[in-house]
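Please open the model in your viewer and keep the sequence beside it, since each stop on this tour begins with a selection.

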Amino acid sequence: MSPAPIARQEAGNDPYHWLENRDSEEVLAYLQAENAYLETVLEPQQALREQLFEEIKGRIRETDLSLPTPWGDYLYYQRTTAGDEYPRHYRCRRPADGSLQVDSASETLLLDPNELAGGGFLSVGAFSISPDQQRLAYSLDSNGDEIYRLFVKELGSGQISELPFDDCDGSMTWANDSQTLFFTELDDTHRPYKLYRHRLGDAAAEAVFEEADGRFFLHCYRSSSEHQLILKLGSKTTSEVWVLDAHSPQDAFTCLAPREENHEYDVDHGMLDGHWCWLIRSNQSGINFALYRATESQPQRPHWQQIRAHDPRVMLEGATLNQRAIVLALREGGLPILEVQPQGAEAYRVQLPDAAYSLYVQDSLEFHSPVIRLRYEALNRPAQIRQLELASGAQQVLKQTPVEGPFDADAYESRRLWASAADSTQIPISLVARRDVFAAGKPAPLYLYGYGAYGESLDPWFSHARLSLLDRGFVFAIAHVRGGGEMGEAWYRAGKLAHKQNSFDDFIASAERLIAEGLTTPAQLAISGGSAGGLLIGAVLNQRPELFAAAIAEVPFVDVLNTMLNPDLPLTVTEYDEWGDPNQPEVYERIKAYAPYENVRVQTYPPILAVAGYNDSRVQYWEAAKWVARLRREKTDTNLLLLKTDLGVGHGGMSGRYQGIRDVALEYAFLFHVLGVAHPQMQLGR
C-alpha cells in the first residue's frame with residue numbers, strides 16, 4: 001500500500017512551498033489524497049473507532065442543564081439535548097426566594113446554535129446581554145477562520161438584526177445605555193487592531209481607536225463594577241490600558257499608563273474600603289507582578305499605591321474584584337492558589353482536597369454578591385462548580401460534571417513526579433492511572449502530553465474520553481516544561497526566545513524519568529501536543545526519535561522558520577517577542593537549529609498522526625502538510641505516517657461535541673493500533 005503522492009520538488013530552499021497555494025486544485029487534491037490514505041490505512045480500526053465513539057459518548061450526560069447564573073431579574077443557563085451538537089441558551093425569571101430553581105413557565109430560548117449551524121461548523125463568539133437585559137449581542141463564525149458576523153436580538157420581540165460590519169474578531173461590549181456597542185476589527189494579518197463604537201439604529205460605526213504597532217492586540221471589556229469600559233492593548237511583553245465611563249460612551253477613552261517597553265499591567269474597577277477605586281496588577285517592581293490601587297479620580301500611574309508587594313516565589317496571575325473582597329489568583333510550587341482578602345477581615349487561602357489540580361474563579365456573579373463560583377478539577381476528579389462564601393471561606397459543591405455508567409473516582413490515582421533536566425532544573429510531571437495499574441509495578445502504555453509556550457499553564461484536568469485510555473491500562477502524564485507558566489514568569493522566560501531548547505530538553509527529561517521509574521518503556525510511550533505543543537512534538541521527534549513509540553501532533557506549529565519570516569501571515573509580527581525575529585541573522589540561525597520542518601533527518605521515526613484545519617488562521621494547514629511531506633521523503637522506516645486535514649474547520653478542530661468525540665476516537669484507535677494495545681476495557685474493582 002502506498003501513501004498519498006509525494007510532494008514534487010521546486011526550486012529554492014523550500015521544496016514543498018507549493019503546498020501553500022491555498023484553494024488550488026493541485027493542493028486540494030493532495031490533501032484529499034492524504035485523507036483518503038488515512039481512511040484506507042485505518043479501515044481495519046473502523047469498528048474500534050465506532051466502539052470508542054459510543055463508549056465515550058456513553059459517559060457524557062447528553063441531556064443536561066447547566067448551573068443557572070443569576071443576574072438582575074433573571075437566571076441564565078444552557079441546556080444540552082441528546083443528539084444535538086451544541087447547547088441551547090435560555091433564561092427564566094429569577095425566583096424571589098433567591099434559589100437557583102429554573103421556572104419553566106417563564107423560560108425563554110435566547111439562542112439555538114444547532115439551528116444556526118445547519119449541520120456545519122459553528123463557533124459562538126460573543127454572547128452578551130445588554131445592561132437593561134432587553135437585548136442579546138452575539139457573534140458567529142461559520143468557517144473556523146475566527147472571522148465573525150455580528151448580531152443583535154431584541155429579546156422582547158425576537159427580532160434579529162445583523163450588523164453590517166466585516167472582518168470582526170467577534171467581541172461585543174455594551175455601554176450602560178444598552179444602545180451602544182463596542183466591537184473590534186481585524187487587520188490583514190488577523191490582528192484585532194481597531195475599536196469601533198456603534199449605536200443601534202445607525203447605519204455606520206465610528207472608529208474610536210486604531211493600534212498601528214503590529215505587535216499589539218486590542219481588547220475591550222467591562223470592569224467588575226460594570227461602571228467602566230476598559231480597552232487593553234497588549235503585546236507579548238508590553239501593555240497599555242485606556243478607560244471610559246460606561247455611562248458616557250460618547251466620551252473619549254483615557255490612558256492610565258502610556259506604554260513602556262516590558263511594562264505589563266492590567267486593571268479593574270470596583271470598591272475597596274467603601275470607596276470606588278482602580279485595582280492595578282503591574283510588573284513594574286518585579287516579574288511576578290505586584291498589586292496597586294488608585295483613586296477613581298486619579299488613576300494614572302504616578303498615583304498608584306502598592307497594596308501587595310512583588311514576591312519572587314509566588315506569581316500573581318490575576319485578581320477578581322468584588323464589593324466584599326479581592327480574590328487573588330496566585331501560582332506557587334507549580335499549582336494554582338486562590339487567596340481571598342475579605343473587606344475588613346483576615347485573608348485566607350481556599351482549601352482543596354487534591355495534591356494536583358486545576359482551579360480558577362469561573363464566575364464572580366454580580367458585583368455585590370456575597371458568594372462567587374470556582375471551577376475545580378483534577379486528573380481523577382470530574383470538574384466541580386464550588387460556591388465560595390467570601391466572608392467565611394465556606395465552600396459548597398453546586399454541581400459536579402456527571403460521568404454516566406460505572407465510574408469510581410477512587411479507582412484512579414493522581415501523582416506528581418519531578419524530572420531533572422540537563423541543567424538540573426526540576427520539571428514537574430502530573431500523571432494519573434488506575435490504582436491497579438500503578439500497583440502492578442510494571443511498565444504500561446503511557447500518553448505524555450506537553451505544550452510549553454506563551455506562559456500558559458497546563459494545570460491537570462479531567463477528561464471523559466481519557467477514561468478509555470486509563471481503562472485499557474494506560475498512564476496519562478503532563479510534562480510541565482519551561483515556556484509554560486506553571487512555575488511563574490521566570491519559568492516562562494526560561495523556555496522562550498534564546499532559551500527555547502529548554503522546552504525540548506525538559507520534555508525529553510520527563511520521558512526519561514517516566515521510563516526510569518518503570519512506568520513505561522520507549523516501545524510503549526506515545527507523545528502528543530497541539531499548536532505550539534506541536535512544535536514541541538516535532539522538535540523532540542527530530543532530536544530523540546528512538547525514545548518514543550508514537551506521536552500525535554494537532555494543528556502543529558512545525559514550519560516555524562518560514563512562518564516567522566512572513567510578516568503578512570496572522571500572528572507573525574506579534575510573536576517576534578515569543579520566538580524572535582528571524583530577519584536578524586543570529587535569531588534566524590537559532591530558530592533554524594530547532595525548527596521541526598527544517599530539521600527532519602534521514603533516520604527512523606515512530607508512527608505519526610498529524611491533524612490540520614484547512615481554515616486555521618493561527619497555524620496554517622500547510623505547516624502539517626509540508627512537514628509530513630518532508631518526513632515521507634527523509635525517514636528510513638515503514639512506520640505509519642498519516643495526515644488528516646479537516647477541510648471545513650479552523651484551529652480548534654470540529655465545533656460540535658459529537659464531531660469532537662469522533663476525532664478523539666480516531667486518535668485513540670491509531671494509538672491502540674501502533675502500540676499493539678488490546679481493545680477490551682479493564683473492569684473496575686471495588
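In this predicted model, begin by selecting strands E26, E27, E28 and E29, which in that order make up an open sheet of 4 strands with antiparallel pairing. Strand E26 (358–363) and strand E29 (395–400) are its edges, each of them pairing on one side only. Between neighbouring strands of this sheet the turn is 30° on average, with direction ignored.

Stay with the sheet and select residues 371–378 together with residues 381–389, that is, strands E27 and E28, which run antiparallel and are joined by 7 bridges. Within this pair, Val 371 can be found opposite Glu 389 of E28.

Next, select Leu 448, Phe 507, Ile 527 and Trp 627, the residues that touch the most other members of the largest nonpolar core, which has 119 residues. Helix H13 (residues 657–675) contributes the largest share of this core, with 10 residues. Centring the view on Leu 448 and leaving aside its neighbours within four places in sequence, you will find contacts that include Ala 477, Phe 507, Leu 514 and Ile 527. Another core, of 29 residues, lies apart from this one, and Cys 277, Ile 326, Tyr 348 and Leu 359 are among its members.

Finally, select helix H11 (residues 585–594), where Val 587, Ile 591 and Tyr 594 are buried. Viewed down the axis of H11, the buried residues fall within an arc of 70°, so they line one face of the helix. Pro 585, Glu 586 and Ala 593, on the other side of H11, are exposed. To see what covers the buried residues of H11, add the helices H7 (501–516), H8 (532–543), H9 (560–564) and H10 (576–579), which are included in that cover.

Definitions and conventions. Residues numbered from 1 in each chain as written. Predicted model: local features only at pLDDT ≥ 70, side-chain atom pairs only at ≥ 80, totals over all residues. Heavy atoms only, no water. Pairing = 2+ DSSP bridges. Helix = DSSP H or I, 4+ residues; strand = E, 2+ residues; numbered from the N terminus. Axes fitted to C-alpha atoms, helices over the stretch in contact; angles between N-to-C directions. Core = buried A, V, L, I, M, F, W, Y, C linked by side-chain atoms within 4.5 Å. Buried < 20%, exposed > 50% of the residue type's maximum accessible area, 1.4 Å probe, protein only. Contact = heavy atoms within 4.5 Å. Arc of directions from axis to C-beta.
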